Amino acid sequence: FMLSSIFINLKKIKVMKNLRLIPMLLACILVSCSSDLDTDYEQTSTVDAEKSAYMAYVAELENEFPGKTIYHKYNMPVMSADMAVMVANSPVETAVDFEEGTQLRIGEPQMITFGPWGKEKGNTPFKDVLNFGASGVTKRLSGINVTYGSAVNSLQLIWIDENGTISQSPIRGVYRGNTGYVGLPAGDAIIRVRVKHGGYIDSILFESRYNVWVFGGTGGSATADVRWGDSGLEMHGMYGFGGTATNNISQIGFYCYPASAFAGMGY
(Lines give C-alpha, C1' and ligand atoms only; values in the text may rest on other atoms or scores of the structure.)
Protein backbone atom coordinates (compact mmCIF):
# COMPACT_ATOMS: atom_id res chain seq x y z
CA PHE A 1 0.00 0.00 0.00
CA MET A 2 2.78 2.39 0.91
CA LEU A 3 4.64 1.70 -2.32
CA SER A 4 1.47 2.25 -4.29
CA SER A 5 0.83 5.52 -2.47
CA ILE A 6 4.37 6.72 -3.12
CA PHE A 7 4.02 5.84 -6.83
CA ILE A 8 0.74 7.75 -7.05
CA ASN A 9 2.26 10.79 -5.31
CA LEU A 10 5.25 10.71 -7.64
CA LYS A 11 2.92 10.72 -10.64
CA LYS A 12 1.06 13.69 -9.13
CA ILE A 13 4.30 15.56 -8.64
CA LYS A 14 5.33 14.83 -12.21
CA VAL A 15 1.97 16.05 -13.51
CA MET A 16 2.20 19.18 -11.38
CA LYS A 17 5.66 19.91 -12.75
CA ASN A 18 4.37 19.49 -16.28
CA LEU A 19 1.45 21.77 -15.51
CA ARG A 20 3.87 24.38 -14.22
CA LEU A 21 5.76 24.15 -17.53
CA ILE A 22 2.67 25.00 -19.60
CA PRO A 23 2.64 28.73 -18.74
CA MET A 24 6.36 28.89 -19.50
CA LEU A 25 5.83 27.23 -22.85
CA LEU A 26 2.96 29.59 -23.65
CA ALA A 27 5.12 32.55 -22.70
CA CYS A 28 7.92 31.33 -24.99
CA ILE A 29 5.47 30.90 -27.85
CA LEU A 30 4.07 34.38 -27.29
CA VAL A 31 7.56 35.89 -27.16
CA SER A 32 8.51 34.08 -30.35
CA CYS A 33 5.35 35.25 -32.13
CA SER A 34 5.89 38.76 -30.83
CA SER A 35 9.46 38.68 -32.13
CA ASP A 36 8.25 37.53 -35.56
CA LEU A 37 5.59 40.24 -35.56
CA ASP A 38 8.18 42.84 -34.65
CA THR A 39 10.43 41.65 -37.46
CA ASP A 40 7.59 41.71 -39.97
CA TYR A 41 6.58 45.14 -38.74
CA GLU A 42 10.14 46.41 -39.10
CA GLN A 43 10.41 45.03 -42.63
CA THR A 44 7.04 46.45 -43.61
CA SER A 45 7.92 49.79 -42.06
CA THR A 46 11.22 49.88 -43.97
CA VAL A 47 9.48 49.13 -47.27
CA ASP A 48 6.82 51.76 -46.55
CA ALA A 49 9.48 54.32 -45.66
CA GLU A 50 11.45 53.60 -48.83
CA LYS A 51 8.35 53.89 -50.99
CA SER A 52 7.32 57.08 -49.22
CA ALA A 53 10.75 58.62 -49.85
CA TYR A 54 10.66 57.51 -53.48
CA MET A 55 7.20 58.95 -54.02
CA ALA A 56 8.40 62.24 -52.54
CA TYR A 57 11.07 62.19 -55.25
CA VAL A 58 8.37 61.50 -57.85
CA ALA A 59 6.38 64.46 -56.51
CA GLU A 60 9.44 66.66 -57.08
CA LEU A 61 9.62 65.43 -60.67
CA GLU A 62 5.93 66.17 -61.17
CA ASN A 63 6.59 69.74 -60.07
CA GLU A 64 9.67 69.97 -62.29
CA PHE A 65 7.90 68.58 -65.38
CA PRO A 66 4.37 69.99 -65.22
CA GLY A 67 1.93 68.56 -67.72
CA LYS A 68 4.02 65.46 -68.40
CA THR A 69 3.33 61.93 -67.16
CA ILE A 70 6.11 60.66 -64.88
CA TYR A 71 6.76 56.96 -65.35
CA HIS A 72 8.65 55.36 -62.45
CA LYS A 73 9.07 51.97 -60.77
CA TYR A 74 5.56 52.06 -59.27
CA ASN A 75 4.04 53.22 -62.56
CA MET A 76 6.22 51.79 -65.32
CA PRO A 77 5.01 50.68 -68.75
CA VAL A 78 6.62 47.60 -70.26
CA MET A 79 7.07 46.52 -73.84
CA SER A 80 3.86 45.02 -75.18
CA ALA A 81 3.74 41.33 -76.13
CA ASP A 82 3.25 42.24 -79.79
CA MET A 83 6.24 44.60 -79.76
CA ALA A 84 8.36 42.01 -77.96
CA VAL A 85 7.64 39.49 -80.74
CA MET A 86 8.46 42.07 -83.40
CA VAL A 87 11.72 42.99 -81.70
CA ALA A 88 12.68 39.34 -81.20
CA ASN A 89 12.24 38.75 -84.93
CA SER A 90 13.88 41.99 -86.05
CA PRO A 91 17.43 42.44 -87.39
CA VAL A 92 20.17 43.62 -85.06
CA GLU A 93 21.88 46.84 -86.16
CA THR A 94 25.64 46.55 -86.51
CA ALA A 95 27.94 49.28 -85.26
CA VAL A 96 29.40 51.68 -87.81
CA ASP A 97 32.79 53.32 -87.27
CA PHE A 98 32.63 57.09 -87.41
CA GLU A 99 34.08 60.28 -86.05
CA GLU A 100 32.15 62.94 -84.18
CA GLY A 101 30.67 65.61 -86.41
CA THR A 102 30.87 63.50 -89.56
CA GLN A 103 28.16 62.24 -91.86
CA LEU A 104 27.94 58.51 -92.44
CA ARG A 105 26.37 58.85 -95.89
CA ILE A 106 25.36 61.65 -98.24
CA GLY A 107 22.05 63.10 -97.15
CA GLU A 108 22.40 62.14 -93.50
CA PRO A 109 22.28 64.84 -90.83
CA GLN A 110 25.31 65.67 -88.76
CA MET A 111 25.61 63.57 -85.61
CA ILE A 112 26.68 65.16 -82.32
CA THR A 113 27.83 63.15 -79.27
CA PHE A 114 27.14 63.92 -75.61
CA GLY A 115 29.08 62.33 -72.78
CA PRO A 116 30.18 59.82 -71.79
CA TRP A 117 29.42 59.71 -68.07
CA GLY A 118 30.47 56.96 -65.68
CA LYS A 119 33.41 54.56 -65.75
CA GLU A 120 34.88 52.03 -68.15
CA LYS A 121 34.19 48.79 -66.28
CA GLY A 122 34.37 45.35 -67.76
CA ASN A 123 35.66 45.13 -71.32
CA THR A 124 32.54 45.57 -73.44
CA PRO A 125 32.30 49.00 -75.06
CA PHE A 126 29.41 49.56 -77.42
CA LYS A 127 28.29 52.03 -80.09
CA ASP A 128 24.65 51.90 -81.14
CA VAL A 129 24.35 54.33 -84.03
CA LEU A 130 21.19 55.09 -85.97
CA ASN A 131 21.85 53.54 -89.38
CA PHE A 132 19.93 55.50 -92.01
CA GLY A 133 18.74 54.10 -95.30
CA ALA A 134 20.55 54.72 -98.57
CA SER A 135 18.14 57.54 -99.45
CA GLY A 136 18.80 59.51 -96.27
CA VAL A 137 16.76 59.88 -93.09
CA THR A 138 14.34 56.97 -93.04
CA LYS A 139 14.65 55.75 -89.44
CA ARG A 140 14.12 57.10 -85.97
CA LEU A 141 14.34 55.90 -82.36
CA SER A 142 10.96 54.47 -81.36
CA GLY A 143 11.69 52.82 -78.02
CA ILE A 144 14.15 51.96 -75.27
CA ASN A 145 13.96 48.66 -73.41
CA VAL A 146 15.39 48.97 -69.88
CA THR A 147 16.02 46.64 -66.94
CA TYR A 148 16.93 48.13 -63.59
CA GLY A 149 17.11 47.75 -59.83
CA SER A 150 19.19 49.99 -57.62
CA ALA A 151 21.15 50.78 -60.81
CA VAL A 152 20.56 50.56 -64.55
CA ASN A 153 21.21 46.93 -65.49
CA SER A 154 20.65 46.94 -69.24
CA LEU A 155 19.59 49.13 -72.17
CA GLN A 156 18.39 48.28 -75.66
CA LEU A 157 17.38 50.68 -78.42
CA ILE A 158 14.53 50.02 -80.85
CA TRP A 159 14.28 51.84 -84.20
CA ILE A 160 11.53 52.02 -86.83
CA ASP A 161 11.77 52.88 -90.52
CA GLU A 162 9.38 54.38 -93.07
CA ASN A 163 7.95 50.94 -93.85
CA GLY A 164 7.18 50.23 -90.20
CA THR A 165 10.04 47.73 -89.99
CA ILE A 166 11.58 47.36 -86.53
CA SER A 167 15.31 46.95 -85.89
CA GLN A 168 17.15 46.63 -82.61
CA SER A 169 20.46 47.14 -80.92
CA PRO A 170 21.97 44.30 -78.89
CA ILE A 171 21.01 44.30 -75.20
CA ARG A 172 23.75 46.24 -73.44
CA GLY A 173 24.62 45.30 -69.85
CA VAL A 174 22.93 42.47 -67.96
CA TYR A 175 19.24 41.73 -68.56
CA ARG A 176 17.89 41.37 -65.02
CA GLY A 177 15.73 43.15 -62.46
CA ASN A 178 12.64 45.23 -63.13
CA THR A 179 11.64 45.88 -66.74
CA GLY A 180 10.48 49.13 -68.28
CA TYR A 181 9.91 50.58 -71.73
CA VAL A 182 10.22 54.05 -73.19
CA GLY A 183 7.69 54.24 -76.01
CA LEU A 184 8.10 57.03 -78.57
CA PRO A 185 5.16 57.31 -81.00
CA ALA A 186 5.35 59.33 -84.20
CA GLY A 187 6.23 62.96 -83.45
CA ASP A 188 7.89 62.20 -80.11
CA ALA A 189 11.62 62.02 -79.32
CA ILE A 190 14.06 62.14 -76.39
CA ILE A 191 15.10 65.75 -75.80
CA ARG A 192 16.80 65.51 -72.41
CA VAL A 193 18.63 63.03 -70.16
CA ARG A 194 19.70 63.15 -66.52
CA VAL A 195 22.34 60.62 -65.50
CA LYS A 196 23.41 59.84 -61.93
CA HIS A 197 26.57 57.80 -61.73
CA GLY A 198 29.32 56.52 -59.49
CA GLY A 199 30.74 53.04 -59.88
CA TYR A 200 27.88 52.30 -62.27
CA ILE A 201 25.04 54.23 -63.86
CA ASP A 202 22.77 54.53 -60.84
CA SER A 203 19.84 56.09 -62.66
CA ILE A 204 18.76 57.57 -65.97
CA LEU A 205 15.92 60.00 -66.56
CA PHE A 206 14.65 60.32 -70.12
CA GLU A 207 12.48 63.29 -71.06
CA SER A 208 10.57 63.27 -74.34
CA ARG A 209 8.33 65.97 -75.71
CA TYR A 210 5.37 64.49 -73.84
CA ASN A 211 6.55 62.22 -71.01
CA VAL A 212 9.29 61.46 -68.49
CA TRP A 213 10.73 58.05 -67.52
CA VAL A 214 13.11 57.42 -64.63
CA PHE A 215 15.00 54.15 -64.09
CA GLY A 216 17.30 52.96 -61.31
CA GLY A 217 17.89 53.90 -57.70
CA THR A 218 18.62 57.07 -55.79
CA GLY A 219 22.40 56.65 -55.49
CA GLY A 220 25.18 58.20 -57.50
CA SER A 221 27.87 60.68 -56.54
CA ALA A 222 27.66 62.76 -59.72
CA THR A 223 24.88 64.05 -61.95
CA ALA A 224 24.84 65.09 -65.61
CA ASP A 225 21.76 66.88 -66.91
CA VAL A 226 21.73 67.65 -70.62
CA ARG A 227 18.83 69.45 -72.35
CA TRP A 228 19.74 69.04 -75.99
CA GLY A 229 16.15 69.82 -77.00
CA ASP A 230 17.02 73.46 -76.22
CA SER A 231 19.47 73.24 -79.12
CA GLY A 232 16.98 71.67 -81.51
CA LEU A 233 18.44 68.16 -81.18
CA GLU A 234 17.00 64.70 -80.55
CA MET A 235 18.60 61.50 -79.25
CA HIS A 236 18.56 58.48 -81.58
CA GLY A 237 21.58 56.43 -80.44
CA MET A 238 23.91 55.71 -77.51
CA TYR A 239 27.34 54.43 -76.59
CA GLY A 240 29.26 53.41 -73.50
CA PHE A 241 30.29 50.33 -71.53
CA GLY A 242 27.85 47.51 -70.94
CA GLY A 243 30.02 45.31 -68.76
CA THR A 244 30.24 41.54 -68.78
CA ALA A 245 27.99 38.79 -67.42
CA THR A 246 28.10 40.37 -63.96
CA ASN A 247 28.32 44.08 -64.71
CA ASN A 248 25.55 46.60 -65.29
CA ILE A 249 25.78 49.71 -67.47
CA SER A 250 28.86 51.51 -66.16
CA GLN A 251 29.22 54.30 -68.71
CA ILE A 252 26.77 56.00 -71.05
CA GLY A 253 26.79 58.64 -73.75
CA PHE A 254 24.30 59.64 -76.45
CA TYR A 255 24.15 60.37 -80.18
CA CYS A 256 21.96 63.27 -81.23
CA TYR A 257 20.77 64.72 -84.54
CA PRO A 258 18.95 67.89 -85.60
CA ALA A 259 15.22 67.55 -84.99
CA SER A 260 14.59 69.19 -88.35
CA ALA A 261 15.89 66.06 -90.08
CA PHE A 262 13.02 64.03 -88.62
CA ALA A 263 10.24 66.58 -89.07
CA GLY A 264 7.11 65.28 -90.72
CA MET A 265 7.78 61.60 -90.09
CA GLY A 266 4.42 59.85 -89.78
CA TYR A 267 5.80 56.64 -88.34
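## Exercises on a predicted protein model

The protein has 2 helices and 14 strands, where helices (H or I, at least four residues) and strands (E, at least two) are DSSP runs numbered from the N terminus. The model is a predicted one, in which local features need pLDDT of at least 70 and side-chain atom pairs count only at pLDDT 80 or more, while totals for chains, interfaces and linings use all residues. Residues are numbered from 1 along each chain as its sequence is written, and side-chain values use heavy atoms, with hydrogens and water left out.

**Exercise 1.** Describe the burial of strand 10 and its pairing with strands 9 and 11.

*Solution.* Begin with burial, which means under 20% relative accessible area (1.4 Å probe, protein chains only), with exposed set at over 50% and partly exposed in between. Of the 267 residues of the protein, 42% count as buried, and in strand 10 (residues 201-208) this holds for 8 of its 8 residues.

Next, take the pairing, for which DSSP must find at least two bridges between two strands. Strand 9 (residues 190-197) runs antiparallel to strand 10 and is joined to it by 7 bridges, with arginine 192 opposite glutamate 207 of strand 10; the hairpin between these strands passes through 3 residues. On going from strand 10 to strand 11 (residues 211-216), one finds 5 bridges, again in an antiparallel arrangement, and isoleucine 204 stands opposite phenylalanine 215. The hairpin that joins strand 10 to strand 11 passes through 2 residues.

**Exercise 2.** Locate the cis peptide bond that involves proline 116.

*Solution.* The bond joins glycine 115 and proline 116, and its omega is about 10 degrees. Proline 116 itself has its place in strand 2 (residues 112-118).

**Exercise 3.** Characterise the largest pocket by its volume and its lining.

*Solution.* First, fix the term: on a 1 Å grid over the protein atoms alone, a pocket is an open set of points with protein on both sides within 12 Å along at least five of seven lines, and lining residues have an atom within 4 Å of a point. The volume of the largest pocket is about 240 Å³, taken as the space filled by probe spheres set on the points.

Then consider the lining, which consists of 15 residues, with Tyr54, Lys73, Gly216, Gly217 and Thr218 nearest the centre of the pocket. Helix 1 (2-64) and strand 11 each supply at least two lining residues, and helix 1 gives the most, with 4 residues.

Key. On a 1 Å grid over the protein atoms alone, a cavity is a set of points where a 1.4 Å probe fits but cannot get out, and a pocket is an open set with protein on both sides within 12 Å along at least five of seven lines; lining residues have an atom within 4 Å of a point.
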